[in-house]
Structure formats: C-alpha cells, structure tokens
Amino acid sequence: MMGGTVISLRGATKQFGGLVAVDNVSFEVREHEVMGLIGPNGSGKSTTLNLISGALPATDGDIALKGQEITGLPARDIARKGVARTFQLVRLLPSMNVIENVMAGAVFGHRRRWGASAERHAKQVLETVGLADKAKAHTSQLTYIDTKRVELARALAGEPEVLLLDEWLAGLNPTELTEGIDLIHRLRDEGRTIILVEHVMDAIRSLCDACVVMSSGKKIAEGTTDEVLSDPEVIRAYLGDDDA
Ligand SMILES: Nc1ncnc2c1ncn2[C@@H]1O[C@H](COP(=O)(O)OP(=O)(O)OP(=O)(O)O)[C@@H](O)[C@H]1O
C-alpha cells in the first residue's frame, strides 16, 4: 500500500553552462513506492539524483522531503534528514574494513548510532545484504558485487526514508544480476521507498511500481511501469539513443 508523498520535485532544473541537464522536471515519489528513473544515456537521470541528494545544487526549482524543503541544503544535511544513496562508481573508504564502512553509514545517516549500537546495527544490515561472513574483510579483497553490497549496506545503515540507487546493477554478471535483483526485491518487500536509476529493463519491470522517463533533460513520460514501457514516445526515445 502506498502512503503519502515522500519526495517531490517541482520544476527542478540544473544547468551546466549552456547545457540544461535537468530541465524543469517535476514528479512525486510516495512512501513504499519503487520509482524507476529511466531514459537514454545522458538524459539527466544521475544529475536528478544528485539534485535530490544535494551532491549538486539545483539551478532552479524546489525539492522537498515529506513536505519539507531540502533544496540547496548540503548533502550531509539531506542524508541526516533521511535520503541515502549509492553511487554509479562505488565509493568506499579504503582504509576501513567492511563493517567499519557500514558503521560509518550508521553514524552519519538518518538515525544516528554510535559505538556498540552502530556495530550491532551494521551486523544486521550486513546479514540483509548477504555479507555477514565478510564483516572483517578489507574492502580491497572484495569482488565487485560485494563492494556494491557494502555500499548498499552503508546506505541502509542510516535507516533512510528514501534510498537512491544509481545504476546499482550495472556491471554485474548474469548470476550476480539475479542476486542483485533479488536483493532489491527484498528491500522492496520491506516497504522501502526507492528511486532506481537503471538501464536493466528486466530489473525495471520486476521492481518498479512506477517510472519517470527522461530524455535530453526533460521528463517525457510517467506512469505505471507497464504504461510507460509501452508508450510510443518512450520507445522512440530509446531507439533514437541506439541510433546515435
Ligand atoms: N558535472 C557536470 N558538468 C558538466 N556537464 C555534466 C556534469 N554532469 C553531467 N553533465 C552532463 O549532463 C547531461 C546529463 O548527464 P547525466 O549523467 O545526468 O545523464 P544520465 O541520464 O545519468 O546518463 P547515463 O545513463 O549515461 O549515466 C550529460 O550531457 C552530461 O554530460
């Protein structure tokens, strides 16, 4: 069951010099919803996530978390308020082992935890992502999918209201992809609110309640996943991308 609005964008815009990477984009994400943010390469999906997480300041427009304006706040304040993310290129703290990386997420996340409480919680989250046996491993010893699991665990450790996943499934082999989709499915079943930037269509079909489609910075479609993926304009945008 969907709840109230958790994230809303109104006219969100980001310019890089003369390029309008995100052009007057508005949409809402409701509690317990998994929203797919999809579109061809360079259409502005990651930039949109960066505006929501505060990694980049918006040029114009408003972004709100549960009705509270977060536009222009520094990323750490937005994280505190309950927005956690993973990055397209995994970013772990190389001097720390697996559980320390995850504890960092608990300490700096939405629900602050310290010391033994952070460690207990980090262990639980490592169970969730299937890494309990690698808690003490150094991050340089991990396989690629395990580094992705650590990053996801770190985001979850802060008990965010909203989880932003930026191509979390990219670069996985077919077996890992199945594992990865199952893992996000479990998060979905827990009722988490997720915005998923993803190119893997099977994942979008099986995970997303709704999708927003971007092309050249603009929102060109939104609706249920089935509606959106059968929309001729959406299909055209993707085919155009393949031709380019
Ligand atoms: N920091 C930046 N400075 C200048 N231009 C940027 C910056 N970040 C992104 N862009 C440009 O903004 C546009 C949108 O990029 P963005 O990464 O948001 O697209 P995307 O839809 O996430 O693409 P992909 O699926 O390839 O990751 C692109 O033209 C990109 O080159």
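**Ligand shell, strands and domains of the predicted model**

Strand β2 (19-30) and helix α1 (45-53) each contribute at least two residues to the shell around the ligand, where helices (H or I, at least four residues) and strands (E, at least two) are DSSP runs numbered from the N terminus. The structure is a predicted model, in which local features need pLDDT of at least 70 and side-chain atom pairs count only at pLDDT 80 or more, while totals for chains, interfaces and linings use all residues. Residues are numbered from 1 along each chain as its sequence is written. The ligand is surrounded by Phe16, Leu19, Ala21, Gly39, Asn41, Gly42, Ser43, Gly44, Lys45, Ser46 and Thr47, a residue being near a molecule if its C-beta atom, placed from the backbone, lies within 6 Å of it. Helix α1 gives the most to this shell, with three residues. By class, the shell comprises three nonpolar residues, seven polar and one charged; here Ala, Val, Leu, Ile, Met, Phe, Trp, Tyr, Cys and Pro count as nonpolar, Asp, Glu, Lys and Arg as charged, and the others, Gly among them, as polar.

Helix α1 is largely enclosed by the rest of the structure, because nine of its nine residues are buried; a residue is buried if 20 or more other C-beta atoms lie within 10 Å of its own, exposed if 12 or fewer, and partly exposed in between, with C-beta atoms placed from the backbone. The buried residues of α1 include Lys45, Ser46 and Thr47, which also belong to the residues around the ligand. The helix is followed by Gly54, which has a positive phi near 85 degrees.

Strand β3 (residues 34-38) is likewise mostly covered, with five of its five residues buried. Val34, Gly36 and Ile38 point one way from the strand, whereas Met35 and Leu37 point the other way. Such an arrangement follows a general pattern: in a regular strand the side chains alternate between the two faces of the sheet. Strand β3 runs parallel to strand β8 (residues 193-197), to which four bridges join it, and Gly36 stands opposite Leu196 of β8; two strands are taken to pair if DSSP finds at least two bridges between them. Four bridges also link β3 in the parallel sense to strand β9 (residues 210-215), with Ile38 opposite Val213. In the loop between β2 and β3 lies His32, a residue other than glycine whose phi is positive, near 70 degrees. His32 counts as partly exposed because it has 16 C-beta neighbours inside 10 Å.

A separate description applies to an open sheet of four strands, which has the order β2-β1-β4-β5 and antiparallel pairing. Strands β2 and β5 (68-69) stand at its edges, each with a single partner strand, so one side of each is left without a neighbour in the sheet. Strand β4 (residues 60-65) is joined to β5 by two bridges in the antiparallel sense, and Leu65 has Gln68 in β5 as its bridge partner.

The protein chain is divided into domain 1 (1-81 + 162-169 + 195-244) and domain 2 (83-160), the bounds coming from an automatic or database domain assignment. The C-alpha centres of the two domains lie 25 Å apart. Their contact takes 16 residues from domain 1 and 14 residues from domain 2, two residues being in contact if their C-beta atoms, placed from the backbone, lie within 7 Å. On the side of domain 1 that touches domain 2, two or more residues come from each of α1, α2 (75-81) and β7 (162-166), and β7 supplies the largest share, five residues. That side divides into 10 nonpolar, two polar and four charged residues.

The largest nonpolar core has 63 residues, of which Met35, Val102, Ala122, Ala153, Ile195 and Leu196 touch the most other members; a nonpolar core is a set of buried Ala, Val, Leu, Ile, Met, Phe, Trp, Tyr and Cys residues joined through C-beta atoms within 7 Å. Helix α5 (residues 144-157) gives the most to this core, with six residues, and at least three residues are drawn from each of domain 1 and domain 2. Leaving aside residues up to four places away in sequence, Met35 touches Val29, Ile195, Leu196, Cys208, Ala210, Cys211 and Val212.

Arg85 lies in strand β6 (residues 83-86) and counts as buried because it has 25 C-beta neighbours inside 10 Å. With residues up to four places away in sequence again not counted, Arg85 touches Leu49, Ser53, Ala155, Leu164 and Asp166.
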